[in-house]
Amino acid sequence: MKSFFRQSMAWLHTWVGLVFGWLLFFIFITGTAGFFDTEIDRWMQPELPMAQTVDVYDFADQARERLEVIAPGASRWQIWFPIDRNRPYPEIFWQGADSDPARGREQIDARTAEPLVARETGGGQLLYQMHWRLHYLPTRMAYWIVGVGTFLMLLGLITGIIVHKKIFADFFTFRPMKGQRSWLDAHNVVSVVTLPFQLMITYSGLVLMMFTYMPLVAAAYYGTSAEGRQQFISEAFPAREVLEAKGVAAPLVPFSHLIEQAVERWGEGELSYVEIHHPGDAAARIILGSNLAEGPLRSTEQLVFDGVSGDLIAEIPRLTSGAKASRDVLYGLHEGLFAGSVLRWLYFFSGLLGSVMVASGLILWAVKRRQRAEKQGNQNPFGLRLVERLNIGTIVGFPVAMAAYFWANRLLPTSFTARAEWEVHLMFLVWGVMLIHAATRPRLRAWIEQCWIAAFAFLLLPVLNALTSSRHLVQSLRTNDWVFAGFDLTMFALGIGFALMALVLITHNLAKREREQSVHNPSAASLEAL
Amino acid sequence: MNSYSKVKSRPTRQIQDDKKQKGYRLSVLSRVVAAAVGGYVLALVASIVLAAFMPGNRAEGVLWAMQLSFAVYTLAVIWVFAARTATRAWIGLFIPIVFLSIWAVWLTQGGVK
């Protein structure tokens with residue numbers, strides 16, 4: 001009975017992992033890059049200054065002046081202060097304005113109070129959002145595809161745990177250069193070491209999208225009508241009350257007295273934003289919020305003021321209910337906005353290992369079946385070939401495409417109006433080329449060639465940066481510009497990593513060929529089985 | 001033997017295996033549908049019932065249940081693939097779905113909470 005259970009779980013593990021494996025690799029890689037989304041944003045707009053800080057009183061007034069000019073009659077204004085790594089520059093946002101555009105967002109230069117001007121780019125945000133929006137697909141379809149993938153990932157993790165006999169022994173088991181056995185060891189080691197992270201990131205990923213995936217749980221109690229939905233949302237999230245404008249003009253109260261109260265309550269540097277509903281209307285509301293990224297509980301404390309009298313109407317704490325707190329913690333852990341630099345790197349490496357986990361699982365599937373096929377008289381089934389080629393074109397080919405995205409950022413002319421779209425188009429075009437390359441070259445050659453391409457694409461990025469911006473590696477190291485230095489050094493390290501992979505593949509394959517020439521031994525397991 | 005036993009296509013047993021393979025594939029397909037659709041429905045009705053018993057007001061109960069629904073779904077899928085036969089997998093989903101659906105209708109229409 002027990003062995004039957006384990007056997008069926010092993011079967012399930014194999015197939016849920018394979019079917020969405022390449023999509024999961026894509027999600028893992030782009031999501032991992034997302035832990036450094038603002039840093040990538042900034043590398044992709046080298047014209048922008050170093051991160052800024054502002055005096056909240058002064059900037060709130062400057063922002064208000066600007067919003068009165070560019071967004072009169074808006075239903076909502078927001079003023080964001082640059083208080084941590086997540087927001088390097090002050091920002092304003094408006095919606096429902098009488099002006100054109102009715103909705104917009106500007107990053108402001110703290111030194112001049114004018115909008116910052118930089119090249120058009122999707123930046124790190126686009127890369128990050130790709131991991132649940134899949135870029136080209138309609139939103140809803142993308143959400144569901146990613147949802148199915150994430151759920152299969154969760155199943156893969158749970159069945160993987162069940163299948164395991166010795167979870168602790170696997171911590172210390174790695175037998176390199178032994179073909180299938182080594183791939184299994186590698187798959188086990190990375191999975192076991194990062195298991196808590198993988199479970200957290202996968203489950204929280206589902207919870208973040210639960211209103212899309214499980215809407216009927218709420219509908220069962222609140223009905224499917226718009227009013228029912230709204231009632232549920234306002235009961236579950238007390239902070240999100242929406243007021244109608246009265247249509248009667250009334251002057252907006254000055255901010256300074258309100259900001260004083262927030263600073264007194266939370267301390268310096270903790271006021272994150274000022275949000276104004278219906279500015280200039282008698283129904284105006286001003287909401288001051290504390291830092292969302294203060295800790296893993298992704299929630300703000302809010303002070304709600306009457307926008308005309310300036311009276312404090314309500315205080316909404318960060319913690320309103322256990323159920324919301326549970327969701328907020330999962331949300332906070334998934335995004336990791338609260339993480340300082342050490343924890344951020346830990347997030348990054350956990351994400352990378354997650355990608356390695358998926359990749360090694362995919363490779364293991366192919367290696368196993370390649371060996372079986374060779375034993376059975378050199379069959380070459382289509383399914384196996386397909387998996388092998390998709391592995392090459394995705395596991396190495398997709399990172400190459402990401403490098404191409406960064407190359408495009410520096411090589412497309414800044415005057416080119418559609419440059420932001422073409423950065424992404426080039427990324428997917430390069431991925432397509434890598435998949436074709438993987439499909440047409442001999443298997444081992446394809447691995448080695450793509451590793452070299454990836455190595456040079458990443459190794460030369462710091463050089464490209466030096467040639468196309470004034471913030472080269474020496475300069476950024478000298479000025480403690482760790483965003484630029486960190487990006488350049490990470491690209492360099494990735495390049496070295498791919499070069500080492502290429503060298504290992506070459507030397508191992510040479511050794512194997514020599515062995516085969518002296519003693520004919522076709523069952524020798526090796527990287528050839530890739 | 002069980003339905004997961006490897007039905008390899010060795011040349012000498014080709015004809016026999018083709019038949020087995022067909023049955024095997026149908027059984028896998030049946031389980032995949034049971035897991036995807038049946039598992040989802042079970043997770044849904046179980047969550048609706050669960051919402052009534054979680055701490056806090058009605059909205060909080062719903063929030064808790066939504067968060068837990070994916071764990072229920074996972075268990076349901078594991079059951080579907082652990083069951084001895086596809087038929088048993090279906091029965092094992094069908095009975096709790098009927099039971100929980102009636103309970104869910106009673107809870108949401110009866111206005112207990």
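## Burial and the salt bridge of A:E39

A residue counts as buried when its relative accessible area is under 20%, and because A:E39 has a relative accessibility of 15%, it falls in that class. The model discussed here is a predicted one. The partner of A:E39 in a salt bridge is A:R85, with a nitrogen-to-oxygen distance of 2.9 Å between the two side chains. A:E39 belongs to helix α3 (residues 37-43) of chain A, while A:R85 sits in the loop between β1 (76-80) and β2 (91-95) of that chain, so the bridge ties together parts that are 46 residues apart in sequence. A:R85, at 23% relative accessibility, counts as partly exposed. A:D37 is also involved, since a network of salt bridges links A:D37, A:E39 and A:R85.

## Other salt bridges of chain A

Over all chains, the rule gives a count of 21 salt bridges. One of them joins A:E91 to A:R105, whose closest N and O atoms are 2.8 Å apart. Here strand β2 of chain A holds A:E91 and strand β3 (residues 104-107) of chain A holds A:R105, so this pair ties together parts that are 14 residues apart in sequence. A:E91 is buried, with a relative accessible area of 8%, whereas A:R105 counts as exposed at 53% relative accessibility.

A further salt bridge is formed by the side chains of A:E449 and A:R441, at 2.6 Å from N to O. A:E449 has a relative accessibility of 22% and counts as partly exposed, and A:R441 is partly exposed as well, with a relative accessible area of 30%.

## Surroundings of A:L459

A:L459 is placed in helix α17 (residues 443-459) of chain A. With its neighbours within four places in sequence left aside, A:L459 is in contact with A:M491, A:F492, A:G495 and A:I496. A:L494 is 35 residues from A:L459 in sequence, yet the C-alpha atoms of A:L459 and A:L494 are 7.5 Å apart in space.

## The fold of chain B

Chain B contains three helices and zero strands, and from the N terminus on its elements therefore read α-α-α under the DSSP-based assignment of helices and strands. Of its 113 residues, 44% count as buried. Among the contacts in chain B with a separation of 6 or more, 67% come from residues 24 or more positions apart. The accessible surface of chain B is about 6200 Å², and carbon and sulfur atoms make up 70% of that area.

## The interface between chains B and A

Chain B brings 35 residues into contact with 41 residues of chain A. About 3600 Å² is buried between chain B and chain A, with carbon and sulfur atoms giving 75% of that area. On the side of chain B, the residues that lose the most area to chain A are B:M66, B:Q67 and B:F70, which together account for 20% of what that side buries.

Across this interface the rule finds one salt bridge, and the side chains of B:R58 and A:E235 meet in a salt bridge at 4.0 Å from N to O. Ten residue pairs in polar contact are also found across the interface, with both residues at pLDDT 80 or more. The elements that give two or more residues to the side of chain B touching chain A are α1 (14-51), α2 (58-82) and α3 (86-110) of chain B, and the largest share, 19 residues, comes from α2(B). By class, that side has 25 nonpolar, six polar and four charged residues.

Definitions and conventions
Residues numbered from 1 in each chain as written. Chains lettered and ligands numbered in written order. Heavy atoms only, no water. Helix = DSSP H or I, 4+ residues; strand = E, 2+ residues; numbered from the N terminus. Buried < 20%, exposed > 50% of the residue type's maximum accessible area, 1.4 Å probe, protein only. Contact = heavy atoms within 4.5 Å. Areas by Shrake-Rupley, 256 points an atom, 1.4 Å probe, with all protein chains shown as cover. Buried area = accessible area lost by both parts, 1.4 Å probe. Polar contact = N/O pair within 3.5 Å; in protein donor to acceptor, adjacent residues only side chain to side chain. Nonpolar A, V, L, I, M, F, W, Y, C, P; charged D, E, K, R; others polar.
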